[in-house]
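Reader: Could you take me through one part of this model closely, and tell me what surrounds it? I'd love a connected account.

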Amino acid sequence: MKLSRIFILAFSCFILSLLLLQSCYSVRIRSVEGAYEPEAPLTRTDYYRGMAVIELDTVITISATSKDFTLLIRSTELCPSARLHTIEYRNTLGAILLSAVTFGRKRKVKIKYVCMKDDPN
Amino acid sequence: MARTTKYTLKEWDTLHNNGPFKLKALYKTKLEGSGIMPSKIDRYNDAAQEIRRLIGEAQGSNEGFRAHGSAWSMSNIAHQGDRMHFNAHMNLRSHFSGQEIHETSPYKAENVFLVQCGNTIKEISAYLEAHGKSLKTTGASNGQTIAGCISTGVHGSAFGVGSVQDYIIGINLIIGPNEEDVVYLERHTKPVLTDAFIQKINARVIRNDGLFNAALVGLGSFGFIHGVVIEAEDLFLLKRYVRKIDKNTALELAEGLDFENSPFKIEEETNDQGQGTTPYHYKVFINQYSKEANEYVVECIYKKPYRQSYPDPFPIIKQSIYGDLINLIISISRKFPKSIPAFVKSLEKTILPAVDEVTTGTLSETFWDAPYQGPAFACSFGVDHSDSAKALKVLTELTKTDGPIPGIFAMRFIKQSEAILSFAKFPITCMIEIDGVLWKKSRKLISLKEFSRRMIIALMDNDIPFTIHWGKNADWGFPNLVSHMYGEKADTWKAYRSALLSKDMQLLFSNDFLKTLGLFSEEEENEEALEDLIASL
């Protein structure tokens, strides 16, 4: 009896961790055209090494009257062109749960983006 | 005015983590906005003035100054311990009217373009394509800046074309802090621009084949390369095939490049007699550890006239592992244990994945982005292509007897360059390269420097003349390495550099790489003899 309980518990933990792992994912979108805004000095050690990356990790609140949310890309030091080269968004179980328990009012936004290199021509 | 930002740093590293190297300050210059200064020539000249100011500041502080681009080189060629300048934001591009081309020029105005130093290959390709033009060749990817490419000799495997520097037809250098230190070089036998245009960029012209060919692969030490004039050609397509073929056939092709009489044929690429046609590009991938390696993977690319409608190459190009050699080995290494001996053991059981890829695309689509994959090394030796099979055997045996080394080999082929210090010095140079994952020396693993030294010794012991890629890893301090590779040409290069640059500027534009190679010394030289070297002919 005890053994079967342990087995059920272990199996449930396994399924839960599998769900947790599966619910964390990222998707990257990259333009085939254009050069990226370069980073100098080089500091990153990931896929984005050599690129000027802007990272956003925040929670947005959607008002009752809004149906969607738009993030505006402005010209900044890291993004002088204000045009997108690459964007990566990440979804986690926490983000899904947050959205679920707040009925979609609060949404976790975890994105990285790289802009096109400024073209002075 | 162009604006420069200064970063006070302790160290600097390459893209592939081959450092770190000590550094005091990094500078980054951004051009004046086009709204404030609409004329491209005015912004170009404004940037030149800013670079002269920075050179003057470095000179005043008795410090060195060196430009760098995308930092893709794995040697310390781009490094200077005092002041480095990141030039990627100096990326103006321009074309010429017929009136701006020299009356005796062999070049058509429609093919001639001025590009500022910080333009990457990808940016230039996009600009040219908008004009219906293309670069003649590039490396296996597109992120290097044009100034970095020519300073180090970036090449592909277009053995009828050459390296990137071989389509450079004019060079605008800044060789000091003063107004008269802006010079424009071109060949006297092949002039490009009118004196009137050269005056517009406030430069003094020197038309001299010898000086031009010395500055062409200048190792970043002939002054600050502000811009280059390139010769493009009409846009074309490349049809790329990746196949596995018999090892001996692949090596015979490497030695002879005789595609007409080879048993290897691609059915779509034959002549009326059914013989194979000569490709634009030929590359061989070799896993030297594989015990079943009786076949090699080859990449053959054929040049085709441009047409607007062709299948989208990106679904295959973005997935293909047979592009950049570094990407191939790192993508293989991810599937295996992190321990180097275990990884190499796995390579013994791994044949390179079989492929039958066919894509059609422009040059820029075919040699597209190669994202960073992690710390990496690359060693690359140039040999006469008739020595390629022998040299490959020597080097692959060495990795097995003195290794394990966590890398695999490839061979690419380049037409001879006119640049004095180009490593493409043979009629057709075969670049034998081993790329792989960076490792740390241990009881079981020799260091990268030691491995590099043993490769040099092995080629010398087997009487195989060779050169080494300037931007790759090597034992650059090996005794008399440069004179062994280039003989008197190295002295000629030094003489031209001494003639063009003042004593102060020779020191300012030198670095440890140049000193290690023995290409910089502070000896007194015969100034009268040097004057002749920089005469405009």
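Author: Happily! The buried residues of helix H5 (residues 209–216) of chain B pack against helix H3 (146–152), strand S10 (168–174), strand S11 (182–186), strand S12 (204–207), helix H14 (488–500) and helix H17 (527–533) of chain B. Here a contact needs the C-beta atoms of two residues, placed from the backbone, to lie within 7 Å. Helices (H or I, at least four residues) and strands (E, at least two) are DSSP runs, numbered from the N terminus. This is a predicted model, in which local features need pLDDT of at least 70, side-chain atom pairs count only at pLDDT 80 or more, and totals for chains, interfaces and linings use all residues. Residues are numbered from 1 along each chain as its sequence is written, while chains are lettered from A and ligands numbered from 1 in the order in which they are written.

Back to the helix itself: H5(B) is mostly covered, with seven of its eight residues buried. Buried means that 20 or more other C-beta atoms, placed from the backbone, lie within 10 Å of a residue's own (exposed: 12 or fewer; partly exposed: in between). The buried residues of H5(B) are Gly210(B), Leu211(B), Phe212(B), Asn213(B), Ala214(B), Ala215(B) and Leu216(B).

Elsewhere in chain B, an open sheet of four strands follows the order S1-S4-S6-S5, with mixed pairing; strands pair if DSSP finds at least two bridges between them. Its edge strands, each pairing on one side only, are S1 (3–8) and S5 (65–68) of chain B. S5(B) runs parallel to strand S6 (residues 83–86) of chain B, joined by four bridges, and Ala67(B) stands opposite His85(B) in S6(B).
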